[in-house]
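Here is a short, friendly briefing to read alongside the model. Please take a look at the structure first, then follow the notes below.

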Amino acid sequence: MPELPEIETVKNYLNKVFLNNQIKNIKISNRKLRKEIPYNFENDVLNTTIKRIYRKAKYFILELDNEKSIIWHLGMSGTVETKDKKSYQKLKHDHVVLECDDEKLLVYNDARRFGMVDLCESAQIDSHGCFRDNGIEPFDKGFNEKYLIDKLKSKKINIKTALLDPKTVVGIGNIYASEALYYAGISPFRESNSLNKKEVIKLVKAIKDVLDKAIKAGGSSIRDYKKPDGEVGYFTLSHAVYGKEGQKCPNCKCDFNKTGGIKKSFLGGRSSFYCESKQK
Ligand SMILES: [Zn+2]
């Protein structure tokens, strides 16, 4: 599933191509995504101008000049790509196509249809069901050790699962939770409320660092994730532990002959990768 860095990459790209564009035509081939696309969508969106494009948690938002915003989620494997109207040939899972300036198309393809395209009043976005219970953004100044200690102190679950909960902090999925815990030297099995202040300081820094590094690399995530210009995300190779079971951990002092390298376990139904020697 695309995580924060991937959506940040998509958002940056869309900003370059579609900011201040007018939406001149809309084709919806399948409304039945995770949530049905509202039936007033075409009416409300046609002939509006996209005046702001930003990311919120793992969603990107197209703010229109009619006080409404499109809320978009890529689900497990959805992609958005730019195509030329003249050469465009519809693919099987192209569910939504927005035609913008200069005959550019914004094409949303999602084979598994876990994504979402919704519409809401721009002023009401914080209270939209996707956001109203959310915790803080990881790049927000308020995401610091004080905030995280407070969030974790009442949680009786392992720290890995706590990080995946958007009520703790938004945008961190399975990949970056594993990565951040590795860099912070904290075992994914630790009870959330057992972390001391020093460890939480390290964890906050590790979260910001891994996300920042991933954004700079252009996002990563799963193998079928694509950047909107069609290029497949390439940061996967730079992961320290995610997907690297049995391999040597990078910059780690552990003895490979004893540890057998990176371990994989299932926590809360999700795969976790870690070094049992470095992460305590
Ligand atoms: Zn190690």
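The cover over the buried residues of helix 1 (residues 4-18) includes strand 2 (50-56), strand 3 (59-64), strand 5, strand 7 and helix 6 (197-217). Cover here rests on contacts, that is, C-beta atoms placed from the backbone and lying within 7 Å. This is a predicted model: local features need pLDDT of at least 70, side-chain atom pairs count only at pLDDT 80 or more, and totals for chains, interfaces and linings use all residues. Residues are numbered from 1 along each chain as its sequence is written.

**Helix 1**
- Of the 15 residues in helix 1, 11 are buried (20 or more other C-beta atoms within 10 Å of a residue's own).
- Among them are Leu4, Ile7, Val10, Leu14 and Phe18.
- From first C-alpha to last, helix 1 reaches 20 Å, close to the expected 21 Å (1.5 Å times one less than its number of residues).
- Asparagine 20, which follows helix 1, has a positive phi near 65°.

**Strands around strand 7**
- Helices (H or I, at least four residues) and strands (E, at least two) are DSSP runs, numbered from the N terminus.
- Strands pair if DSSP finds at least two bridges between them.
- Strand 5 (residues 79-84) runs antiparallel to strand 7 (residues 104-109), joined by 6 bridges, and valine 80 has tyrosine 108 as its bridge partner.
- Strand 6 (residues 94-99) is also antiparallel to strand 7, with 5 bridges; glutamate 99 stands opposite leucine 105.
- The hairpin of strand 6 and strand 7 has 4 residues between the strands, and aspartate 102 there takes a positive phi near 55°.

**Domains**
- Domain 1 (4-127) and domain 2 (145-274) divide the protein, with bounds from an automatic or database domain assignment.
- Their C-alpha centres lie 29 Å apart.

How values were computed
A residue is buried if 20 or more other C-beta atoms lie within 10 Å of its own, exposed if 12 or fewer, and partly exposed in between; C-beta atoms are placed from the backbone. Two residues are in contact if their C-beta atoms, placed from the backbone, lie within 7 Å.
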